[in-house]
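The exercises below invite you to read a protein model element by element. Please work through each task with the sequence and the coordinates open before turning to its solution.

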Amino acid sequence: MSEPSIFTRILNGEIPGEILLETDDVFAIRDINPQAPLHVLVIPKSEQFRDVTELAAGDPGLMAKMVAAAKEIADEHANGEYRLIFNNGASVAQSVFHVHAHVLGNLEENKLVGF
């Protein structure tokens, strides 16, 4: 059996993290290396899916719950406007292979973040 991901360890209280939202299926935490004024990760509680491609094929309903959580975070912290990013693979900066979405908000006009 593999070790729990860093996200699961945060959810279980083994590692500190600021949980901003929690439902039965997903939770959201602030990114420890923010790339925007609002940078939150939305994460399924299950480690079943390594990346967004597996999630979309295996449980589209859970993916929809992640998007709904992203919107809720953005509504509360960024006037409802946000960028939603899924990294899919090590060569494009996915470093934790427990699917998660980056919610970015409060970006300066026309300023792209290095994703």
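**Exercise 1. Follow the pairing of the strands, beginning with the residue that stands opposite Val-103 in β5.**

Solution. Leu-84 is the residue that stands opposite Val-103 in β5. This position belongs to the pairing of β4 and β5, which run in the antiparallel sense over 3 bridges, where two strands are said to pair if DSSP finds at least two bridges between them. Strands themselves are DSSP runs of E with at least two residues, helices are runs of H or I with at least four residues, and both are numbered from the N terminus. Before going further, note that this is a predicted model, in which local features need pLDDT of at least 70 and side-chain atom pairs count only at pLDDT 80 or more, while totals for chains, interfaces and linings use all residues. Residues are numbered from 1 along each chain as its sequence is written, and side-chain values use heavy atoms, with hydrogens and water left out.

Next, step to the other partner of β5: β3 and β5 pair in the antiparallel sense over 5 bridges, and Leu-38 stands opposite Gly-105 in β5. From β3 (residues 38–44) the path continues to β2, again in the antiparallel sense and over 5 bridges, with Val-26 opposite Pro-44 in β3. Finally, β1 (residues 19–22) and β2 pair in the antiparallel sense over 3 bridges, Leu-21 stands opposite Ala-28 in β2, and the two strands form a hairpin with 3 residues between them.

**Exercise 2. Determine how many residues of β5 and of β2 are buried.**

Solution. Start from the thresholds: buried means under 20% relative accessible area, exposed over 50%, and partly exposed in between, with a 1.4 Å probe and protein chains only. In β5, 5 of its 5 residues are buried; Ala-101, Val-103 and Gly-105 point one way from the strand, His-102 and Leu-104 point the other way, and all are buried. In β2 (residues 26–30), 4 of its 5 residues are buried.

**Exercise 3. Describe the surroundings of Glu-18, and say which side chain its own side chain meets in a polar contact.**

Solution. Glu-18 is located in the loop between α1 (6–11) and β1, and counts as partly exposed because its relative accessibility is 43%. Setting aside residues up to four places away in sequence, Glu-18 touches Ala-28, Ile-29 and Arg-30, a contact being heavy atoms within 4.5 Å. The side chain of Arg-30 is the polar partner, at 3.0 Å. A polar contact here is a pair of N or O atoms within 3.5 Å; within protein, one must be able to donate a hydrogen and the other to accept it, and residues adjacent in sequence count only if both atoms are side-chain atoms.

**Exercise 4. Compare two positions in the loop between β4 and β5, asking of each whether it is buried or exposed.**

Solution. Gln-94 is found in the loop between β4 (83–85) and β5 (101–105), and it counts as buried because its relative accessibility is 4%. The side chain of Gln-94 reaches the backbone nitrogen of Gly-89 at 2.8 Å and the backbone oxygen of Val-96 at 3.1 Å. Apart from neighbours within four places in sequence, Gln-94 is in contact with Arg-50, Asp-51, Asn-87, Asn-88 and Gly-89. Ala-93 also lies in the loop between β4 and β5, but it counts as exposed, because its relative accessibility is 54%. Although Ala-93 is not a glycine, it has a positive phi of about 85 degrees.

**Exercise 5. Identify which residue in the segment after β5 has a positive phi although it is not a glycine.**

Solution. The residue is Asn-106, found in the segment after β5, with a phi of about 60 degrees. With a relative accessible area of 39%, Asn-106 is partly exposed.

**Exercise 6. Place Ile-10 in its element and list its contacts.**

Solution. Ile-10 is found in helix α1, and is buried, with a relative accessible area of 11%. Not counting residues up to four places away in sequence, Ile-10 touches Ile-15, Pro-16, Gly-17, Ile-19 and Ile-29.
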